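Reader: Could you show me how to read cavities and annotated sites in a model such as this one?

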Amino acid sequence: MAKSLFDKIWEAHVVKAAPGGLDIVYIDRHLIHEVTSPQAFDELEARELPLFRPSRILATADHNVPTRNQHLPIEEPLSRSQVDTLTANCAKYGVELYGLGHQRQGIVHVIGPELGLTLPGTTIVCGDSHTSTHGAFGAVAFGIGTSQVAQVMATQCLLLSRPKRMRITVDGALRPGVTAKDLILYIIAQLGTGGATGYFVEYAGSAVRSLSMEGRMTVCNMSIEMGARGGLIAPDETTFAYVQGRPYAPKEAAWEQAVAYWQTLYSDEDTVFDAEHRFDAAAIAPMITYGTNPGMGIALNGHIPSEVPASEAESFDKSLQYMGFQRGESLLGKQIDYVFIGSCTNSRIEDLRAVAAYVQGKQKARHVEAIIVPGSKQVEQQARAEGLDKILADAGFELREPGCSACLAMNEDKIPAGAYCVATSNRNFEGRQGPGSRTLLASPLVAAITAVQGKIVDITQYLN
Amino acid sequence: MEKFQTLYSAAVPLPLENIDTDQIIPARFLKATTREGFGENLFCDWRRNPDGSFKPDFVLNDPRFSGQILLAGKNFGCGSSREHAAWALYDAGFRVVISSYFADIFRGNALNTGLLPLQVSDAELARLFALVEEDAHVQFVVNLREQTLHVPATGEVIRFDLDPYKKECLINGYDDIDYLVSQKPAIEAYEQNRTWSW
């Protein structure tokens, strides 16, 4: 029988069927960070359980770390305590930790791929909803809660019901100035913020195939923003070329064996999906969000909807009121106060290159504060090696040290109440970037152009 | 995990759609390393002014409404995987959230916390909001064994679905971890039989 990519990977990881139609699913890689792991370690402690497979876990500190002066002790006492707790737990249980100051530290979904830990055909979990990022490699990767973090620590397994399968096919070529971020913002705007709840999504089609690995990560990263359990893309030569030679990737004979297996990982031709959607890449324009969930997105030169179904009106108007926008309005010309380039969605070297390429020889608008937070120490070093830090500094952009930063504002990187921020991150929820902050999600290119212009513009007229 | 008993309670209505976990518990409160105490900051930015005083127009601050049931608009719990959202609701005294749609990760986290995500249809949800609007003190009976939500005042009964395994876990206070630990021999056998090891 024809099988989907998702089912091939899932079935290879079923330890056994469990009561009630659930499966015991084996987890190959478990990534942990300081925010969602301490209570899970406590759970092991309380139940006197050992950590079952420490070698399958990797830890880093990212959510709660400062992005300036990382060589100094963390000033904020609660953040410091949480990071210290992670360090102590990792030492006690023998877990590899790439902590603050380590050359491999960074956002958990940036370092997994760059270290070659993220491999096709694997199952990957983390106590973070953007674990879907790793699906870009043809892995079944998804976010879990802290109780499940404890389960994986204790048994390397989870008890799961198999989600439904959805395929989203995007064919054709993306227009100039349209990036992977616009592609996924467009899809989420079409399907809505709960449009894929209960599904695992496979992205397919020529527009998806033509994306770089970093672009594919951006797409899979935001799968959760339409409610999907995860998103994945069949591995191909682009995937193999990216993975080969990375520190944790298989080597020599094991590499050959791995690639031979990975080449079998695709959805068979006659696979029947529980839901299918098709989009034309040429119909996608540079996108921006206007509301307080990622499904509230429009083309930059479009208008906020005037009409919504009656059942959604109260939530919709509450959202617009929070943002200070009106129904039917265009966003063009709106003044912006902050630009944040970072997060597990868009903080990789290609993102920084795209920003640097645009701002070279230009200046950010005087009233805009422009912050760039690289996804990892390696991304930061690469940017410096390429001289991007100088280009960015000359244009008035501040290149910080790696972490999740103003994506969720757990550290001191917050957007003030009422201020508008064009952000390359993944969520525009109320208060996401700090109490009262107003977030407009967009691509790194849109963010860079906005920073220079100081307001929202139709970027197609400003491309270099 | 505590056992879920049959619940008799009024409901607190929050008729907004797509309530995300950043609203349920904002990220800045996730710095604790224990599970307790999150209830104080439940819906903090909707519930309190920046100076910490309560906003009188938010439903949790409205003395007319109380109870262990939260009645919420569809797609409740979308966004972040933070289990702290379920802990905050539980810590604040809620034992049931009723909505017409739950985000997947939140649903799992709630069940692992002993908080029942009770899913009804859009029409049923609208009816429940109307009942509470009519009478803030209207009582509901959640019978998990029978999988029913009963309104004694009107005689209405809504049946709800729940995974049979998860139902037994809630009724008996069992965690997945107990079951998984009991399966370690099968897990070790699986590891040994794998043809690849990366």
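Author: What follows takes up the annotated site and then the cavities. This is a predicted model, in which local features need pLDDT of at least 70, side-chain atom pairs count only at pLDDT 80 or more, and totals for chains, interfaces and linings use all residues. Residues are numbered from 1 along each chain as its sequence is written, chains are lettered from A and ligands numbered from 1 in the order in which they are written, and side-chain values use heavy atoms, with hydrogens and water left out.

Reader: Which residues does the UniProt annotation "binding site" cover?

Author: UniProt positions are given here in the numbering of this model, with feature names shortened, and annotations may be inferred rather than shown by experiment. The unreviewed entry places the "binding site" at C344(A), C404(A) and C407(A). Although they are spread over 64 residues of sequence, they cluster in space, with a largest C-alpha distance of 8.8 Å.

Reader: Is C404(A) buried or exposed?

Author: Buried means under 20% relative accessible area, exposed over 50%, and partly exposed in between (1.4 Å probe, protein chains only). C404(A) counts as buried because its relative accessibility is 9%, and C407(A), at 5%, also counts as buried. With contact meaning heavy atoms within 4.5 Å, C404(A) is in contact, beyond its neighbours within four places in sequence, with D62(A), H63(A), I107(A) and F340(A).

Reader: How many cavities of 30 Å³ or more does the structure hold?

Author: Rolling a probe the size of a water molecule over the atoms shows where empty space is left. On a 1 Å grid over the protein atoms alone, a cavity is a set of points where a 1.4 Å probe fits but cannot get out, and lining residues have an atom within 4 Å of a point; grid points are joined across faces, edges and corners, and a volume is the space filled by probe spheres set on the points. The structure holds 3 such cavities of 30 Å³ or more, and the largest has a volume of about 220 Å³.

Key: 1 Å grid on protein atoms, 1.4 Å probe; cavity = no way out; pocket = protein on both sides within 12 Å on 5 of 7 lines; lining within 4 Å.
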